[in-house]
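Visitor: Can you walk me through this one? I would like the basics, then some detail.

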Amino acid sequence: MSSIEKKYRSNIVIHGVLVEIFGIGVLITGESGTGKSECALELISRGHSLVADDVVNIEREENRLFGSSPDNFYGLIEVRGIGICDIRQIFGAEYLIKHCEIRLCFDLQGDIPADQPDRASSPIREFELLAVKLPKYVLPATRGRNLPLLIETAVKLYRLKEKLV
């Protein structure tokens, strides 16, 4: 796809998970097996909402991104070792939403990348999708890390910074 096509394209489908946390749409990306769905399941158990698992439809409207689930995947989440879970049956319909605006991205990585910033630098990077830039955190998805807690904390910090509290 040329850069001109990419610039004017208004929708895309990506591999990831979309959840709404404290009213903020959060896109979780990463390689297969990094724990995206398991992380989302824990976030749902903490009272947050699932928008999409595995396949996320993303549309650009003006300079904002909105995500949703394909109809045949809506309300379903696949967790390794458990299988496909129907969130509506397990938690209830109040833990599902049809779509939301995407405001933050978290990229789960199995290996700490060589370009990982040192602890003194800003952990926030930029993620560009459909010519819209979003803040992105890169989180090492290593054993023992409480990724749902880290994501919730980063969302709270974002809300404070943007004065959305």
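Guide: We can go from the overall make-up to the cores, one helix and some backbone angles.

Guide: This is a predicted model, in which local features need pLDDT of at least 70, side-chain atom pairs count only at pLDDT 80 or more, and totals for chains, interfaces and linings use all residues. Residues are numbered from 1 along each chain as its sequence is written, and side-chain values use heavy atoms, with hydrogens and water left out.

Visitor: How many helices and strands are there in the protein?

Guide: The protein has four helices and nine strands, in the order α-β-β-α-β-β-β-β-α-β-β-β-α from the N terminus. Helices (H or I, at least four residues) and strands (E, at least two) are DSSP runs, numbered from the N terminus.

Visitor: What share of the residues count as buried?

Guide: Of the 165 residues, 42% are buried. Buried means under 20% relative accessible area, exposed over 50%, partly exposed in between (1.4 Å probe, protein chains only).

Visitor: Which residues touch the most other members of the largest nonpolar core?

Guide: V19, V26, I28, I77, F106 and I151, in a core of 29 residues. A nonpolar core is a set of buried Ala, Val, Leu, Ile, Met, Phe, Trp, Tyr and Cys residues joined through side-chain atoms within 4.5 Å. Elements that each supply at least two residues of this core include strand 1 (11-21), strand 7 (99-109) and helix 4 (147-161). Another core, of 16 residues, lies apart from it, with L27, A52, V56 and C100 among its members.

Visitor: What does I28 touch?

Guide: Leaving out residues up to four places away in sequence, I28 touches G16, V17, V19, K36, C39, L43, F106, L108 and I151. Contact means heavy atoms within 4.5 Å.

Visitor: On to helix 4. Which of its residues are buried?

Guide: L147, P148, I151, E152, A154, V155 and Y158 are the buried residues of helix 4. They lie on the same side of helix 4, because they cover an arc of only 165° around the axis; the arc is that of the directions from the helix axis to the C-beta atoms. Their cover includes strand 1, strand 2, helix 2, strand 7 and strand 9.

Visitor: And which exposed residues does the face turned away carry?

Guide: That face of helix 4 has L157, L160 and K161.

Visitor: Where does F22 lie, and is it buried or partly exposed?

Guide: F22 lies in the loop between strand 1 and strand 2 and is partly exposed, at 30% relative accessibility. Phi of F22 is positive, near 50°.

Visitor: What about phi of D54?

Guide: Phi of D54 is also a positive value, near 80°. D54 sits in strand 3 (residues 49-61).
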